[in-house]
Amino acid sequence: MAETIAQQLPVNGEIWHQTLQWQPSESQQALFARVYQGIVEANRQVNLTRITEPAEFWEKHLWDSLSGLAPWFEPEKPEWLPTVKRMIDIGTGGGFPGVPVAIARPTWDITLLDSTRKKIAFLETLCQQLDLSNTSFVADRAESVGRDPAHRAQYDLAMVRAVGPASTCAEYALPLLKKSGFAVLFRGQWTDEEEELFMGALDTLGGELVAICPWETPLSQGKRHCLYVKKIEKTDKEFPRQIGMPAKHPL
Ligand code: SAM
């Protein structure tokens, strides 16, 4: 089945290279195909994604996840780019962006965090089957993990996709970062009004917006923006607020 799926996913084409200046090796392509197979099969028991058609899965899950790594793929790296050892994917769901990033960056230690225990149990099994030894798993709320000394200020990089408003995502991510660490926030449309509100939240949390990468997805031309936020000050210990507050009352 994996072979059939690999043929259906446009992973072999030049398209990766044309859009992201990166091309997966054959073993990485095989792993992407197995991620797809694993998710489609498990989706019957656990609600992981509504995107199961191969080309759409490739574009909206695999390609989109790796678009956040674009600055690391550039031949001339931007001067602000951090060195990453530990990364956390907050609200990973079916493993996005964390699992494709773990495949593309095998030297990074990737923590997959989600509050839904069933999703984390699925990811634990999947990553074991794929032999992704650079992954670890936490089934908890970002608000609790952000206050736990085992995780607070421990990460070089945090990624957050489709978990809520930008300020909510920043409140989850910034407490988990070391000083000078980065958060990558995956957004769809991004407006000046949103940016103005977001700048106020970043001030409160000790972050600075360093770069915004606008994207068009390669198959359906959807609008995307990746925001790169640097932690420039220690985050006050009142953040993240109590469970539910960052989502109910974004900063
Ligand atoms: N990031 C994945 C993606 O882009 O496909 C999943 C997005 S899904 C819409 C949002 C996920 O965030 C869900 O799996 C949910 O359980 C998780 N989530 C929401 N709030 C959370 C929180 N406060 N702490 C941890 N996980 C959370």
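Are Trp16 and Phe32 buried or exposed? Select the two residues to begin the tour, bearing in mind that this is a predicted model: Trp16 is buried, and Phe32 is buried as well.

**Aromatic pairs**

A search of the whole structure finds twelve aromatic pairs. With Trp16 and Phe32 still selected, you are looking at a stacked pair, whose ring centres lie 5.8 Å apart and whose planes make an angle of 25 degrees. Colouring by secondary structure shows that this pair links distant parts of the chain, since Trp16 belongs to helix α2 (residues 15-20) and Phe32 to helix α3 (residues 26-42), 16 residues apart.

Move next to Trp72 and Trp108, an aromatic pair with edge-to-face geometry, at 5.5 Å centre to centre and 75 degrees between the planes. Because Trp72 lies in helix α5 (residues 70-73) while Trp108 lies in the loop between α6 (98-104) and β2 (109-114), the pair ties together parts that are 36 residues apart in sequence. Trp72 has a relative accessibility of 8% and therefore counts as buried, and Trp108, at 5%, also counts as buried.

Now extend the selection to Trp16, Trp22, Phe32, Trp58 and Phe73, which ring pairs link into a cluster.

**Charges over rings**

Keep Trp108 in view and add Arg105, whose charged end sits over the ring of Trp108 at 5.9 Å from its centre. A second arrangement of this kind can be found by selecting Arg86 and Tyr155, where the charged end of Arg86 sits over the Tyr155 ring, 4.5 Å from the ring centre.

**The sheet**

Switch to a cartoon view and follow the seven strands, which form an open sheet with mixed pairing in the order β3-β2-β1-β4-β5-β7-β6. At the edges stand β3 (135-139) and β6 (207-216), each with a single partner strand, so one side of each is left without a neighbour in the sheet. From one strand to the next, the twist averages 20 degrees.

Within the sheet, select strand β1 (residues 86-90) and strand β4 (residues 155-161), which run parallel and are joined by four bridges. Zooming in on Ile90, you will find Val160 of β4 standing opposite.

Finally, add helix α9 (residues 166-173), which packs on the sheet and touches β1, β4 and β5 (177-187). If you draw the two directions, that of helix α9 makes about 150 degrees with that of β5.

Methods:
Residues are numbered from 1 along each chain as its sequence is written. This is a predicted model: local features need pLDDT of at least 70, side-chain atom pairs count only at pLDDT 80 or more; totals for chains, interfaces and linings use all residues. Side-chain values use heavy atoms; hydrogens and water are left out. Rings of Phe, Tyr and Trp (its six-membered ring) pair if their centres lie within 6.5 Å; planes under 30 degrees apart count as stacked, over 60 as edge-to-face and the rest as tilted. Buried means under 20% relative accessible area, exposed over 50%, partly exposed in between (1.4 Å probe, protein chains only). A charge sits over a ring if NZ of Lys or CZ of Arg is within 6 Å of the ring centre and within 35 degrees of the ring normal. Two strands pair if DSSP finds at least two bridges between them. Axes are lines fitted to C-alpha atoms, for helices over the stretch in contact, and angles run from 0 to 180 degrees between N-to-C directions. Contact means heavy atoms within 4.5 Å.
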